[in-house]
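Trainee: Got a minute to walk through this one with me? I'd like to start with the sheets and then move on to the helices.

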Amino acid sequence: MQKKFMLNYVIIGVLLVWAAWQLIPTLRYEMMSEERKEELRMQGDLEPIQERIIRRGLDLQGGMHLVLEVNVSQLTQNIAQNKSQSYYQFMNQVEEQFTGQTDRDYFDILEEMANTQNFRLARHFPGRGDENPQIVASLRKEATDAVIRAEEIIRNRVDQFGVSEPTIQRQGDRRIIVELAGVTDPERATNLIQSTAQLEFVLLKDPEVVQDAISRIDAVVKKVDPGTLKDTTTVEDRVSQDKEVSVEELFGLTEDQADTEGDSTALVDETIFEDRPFSALLRNLGNDIGVPAENYYAVNQVLQNPEVQRVLPADIRILWSNAPETFTTQDGTQKEFYRLYFVNRDAGLTGEVVTDAKATLGGMDGSNMGQPIVNVSMNSEGAKTWSRMTGANVGKRIAIVLDDKVQIAPVIRDRITGGRTVIEGLTNIEEAKDIEICLKAGALPAPVDIIEKRTIGPSLGADSIRKGTMSALIGLLLVVLFIVVYYRASGIVAFVTLVLNIIFVLSVLALLRATLTLPGIAGLVLTVGMAVDANVLIFERIREELRKGKTVKASVDNGYSRAIITILDANLTTLIAALVLWQFGTGPIRGFAVVLFWGIIFNFVSGYFISKTILTTVTHGRTLKKLSI
């Protein structure tokens, strides 16, 4: 080998070693059996490999497609202040109208009903104007801003969740499209995205207020005047005499009126069922009110009854515990119970003051030893409020509420200073990590409802991979046959550079942790075509030089020098187009642009630099009279 080409071959060698280093994890992963993957996953050795492989897009490996819509009704209620009984009644009417007329805009209905009923919105939305149209316009703008904030928050959560190259984009004024490729736990991903992460610290109601509320609910279910039961209702601490009744019997419904969804039966305490039907659904769990898991549906139906909502005090809110707990009953059997909490409607402190959250396991010196917890830190303003709130309510209970579910409701033993607290009562460390992600990414301005959800299975992806791979191989084979037949030995050099081009592009995809999609494969096939075009230009120039009677060495040198300008000119515009698509495109379009961009770059490297190095090595230093081209 001539010394003048030594540097070229060193560069080519370094490139090949680098490409092999990048692609080995992908090759190793693709050749691994599912059993071996599961074995490595259990040992914790699979994740480092997965972090270095070329990921497949939603169309190749399956995943989840979601269309979300920001709940503008809930957003409006979150913004409102000075909420009174008349406010809730009015907003419930607006909600009913909106539910029945989904083709109409929520704010159009709100403005129309406010004007019709002469309802002054300014009373509940201060600082947004005096007239109803002015306030509705302000709320409409707030909703548009909320969608933008929701998109950014969801993007942050998904990034921390670890999904590679997710597609998250707005659609219209209210909707957000989310595509997550390769998600193995769609339910967990959905919960993470949908979680509003509304963290609240709210005081529990006194037992007398709770008993009064239960009495009112009993009266509604029994269809009597609440005053007749007000002084007699109590959730007693004794062994209940359970019997099973149908939900239709509980609500006094006919079979036609009954909702067919949910549990059709409930377990009631028969000794009090006739007098206090709602109390008969409840049980004592120490100082808490428990609801047997089989009664969850029935109790929820009662609490959502508009008549029940009407008779309850405006400052009370009834919340469920985060998850059911298993308790041993008096007869020795184990049953699952939910806890039911009666709390203040307004929170004393919200998650807006949270500055940091960290999921971990409880230490050795606490009641939460070995249990998943989330340590929460607050800013200075939150720390002052938290200290004042706990100091003024020593001996009372405070609920830590996340997304309207009570995580824990401890008794305040002393003033808590320093702005720190702990969220307990979590099922596992994964749930704790999801809460950490949500709190760090921030709370959604309003809940997001799933309008469309599609889970794409891996079998469809496998079929796409097979067809995509076959198309690429057939295209490459036809191209190779053409250039080898037409350009003979020089065509073999072109074939080698084509293969190297593909290897280098895939190596860059692995380095960038990029996602390969079907459009990406199309970009790869297009790259092969452009590489062949570059080789044809070079070889035709060499042929022209040979026909002029120049030596082989001079023809090769002149052929490459004359072709480079044309190749640059032909590829530069495509390179710019690829850059624009990369910058502004999303999802599959961006994947196509990434492959096309690097394919063109490596066209110069392999199609020009490596090809020229090989041919000039063959022709230099020899007196060849004929070149196989």
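Trainee: In the open sheet of three strands, what order do the strands come in?
Mentor: Keep in mind that this is a predicted model. The order is β14-β15-β18, and the pairing is antiparallel.

Trainee: Which strands stand at the edges there?
Mentor: β14 (354-361) and β18 (420-423) do. Each has a single partner strand, so one side of each is left without a neighbour in the sheet.

Trainee: And how far are neighbouring strands turned against each other?
Mentor: On average by 25°, ignoring direction.

Trainee: How many bridges hold β14 and β15 together?
Mentor: Seven, in the antiparallel sense, with β15 covering residues 372-378. If you want a pair to look at, A357 has V376 in β15 as its bridge partner.

Trainee: What about helices, which strands does α14 touch?
Mentor: Helix α14 (residues 380-392) packs on the sheet and touches β15 and β18. Its direction makes about 105° with that of β15. There's also helix α15 (residues 429-441), which lies across β14, β15 and β18 and runs at about 170° to β14.

Trainee: OK, next sheet. What's the strand order in the open one with four strands?
Mentor: That order is β3-β4-β2-β19, with antiparallel pairing. The edge strands are β3 (167-171) and β19 (448-456), each pairing on one side only. Neighbouring strands in this sheet are turned by 15° against each other on average, direction ignored.

Trainee: How many bridges are there between β2 and β4?
Mentor: Seven here, and the strands, β2 (residues 63-70) and β4 (residues 175-181), pair in the antiparallel sense. One spot to check is M64, which stands opposite L180 in β4.

Trainee: Which strands does α8 lie across?
Mentor: β2, β3 and β4, and α8 runs at about 170° to β3.

Trainee: Does a helix pair get described by anything besides an angle, or what do people quote?
Mentor: Two packed helices are described by the angle between their axes and the distance between the axes.

Trainee: So what are those values for α8 and α9?
Mentor: The axes of α8 (residues 132-161) and α9 (residues 186-194) come within 9 Å and cross at roughly 145°. The crossing is right-handed.

Trainee: Which residues make that contact?
Mentor: From α8 you have I154, R157, V158 and F161, and from α9 there are R188, A189, L192 and I193. By class, the contact has six nonpolar, no polar and two charged residues.

Trainee: Moving along the chain, at what angle do α17 and α18 pack?
Mentor: About 145°, with the axes of α17 and α18 (residues 552-584) 7 Å apart. Their crossing is right-handed. The α17 side of the contact includes M530, A534, L537 and I538, while V556, Y560, A563 and I567 are among the residues from α18. In that contact, 11 residues are nonpolar, six are polar and four are charged.

Trainee: Last topic, cavities. How many of 30 Å³ or more does the structure hold?
Mentor: One. The largest cavity has about 30 Å³ of space.

Trainee: Which residues line the largest cavity?
Mentor: A534, I538, I567, N603, F604, G607 and Y608. The elements giving two or more residues to that lining are α17 (518-547) and α19 (587-619). α19 supplies the largest share, four residues.

Trainee: And how does the lining divide by class?
Mentor: Five nonpolar, two polar and no charged.

Terms used. Residues numbered from 1 in each chain as written. Predicted model: local features only at pLDDT ≥ 70, side-chain atom pairs only at ≥ 80, totals over all residues. Heavy atoms only, no water. 1 Å grid on protein atoms, 1.4 Å probe; cavity = no way out; pocket = protein on both sides within 12 Å on 5 of 7 lines; lining within 4 Å. Points joined across faces, edges and corners; volume = space filled by probe spheres on them. Nonpolar A, V, L, I, M, F, W, Y, C, P; charged D, E, K, R; others polar. Axes fitted to C-alpha atoms, helices over the stretch in contact; angles between N-to-C directions. Left-handed = near helix turned anticlockwise from the far one by under 90°. Contact = heavy atoms within 4.5 Å. Pairing = 2+ DSSP bridges.
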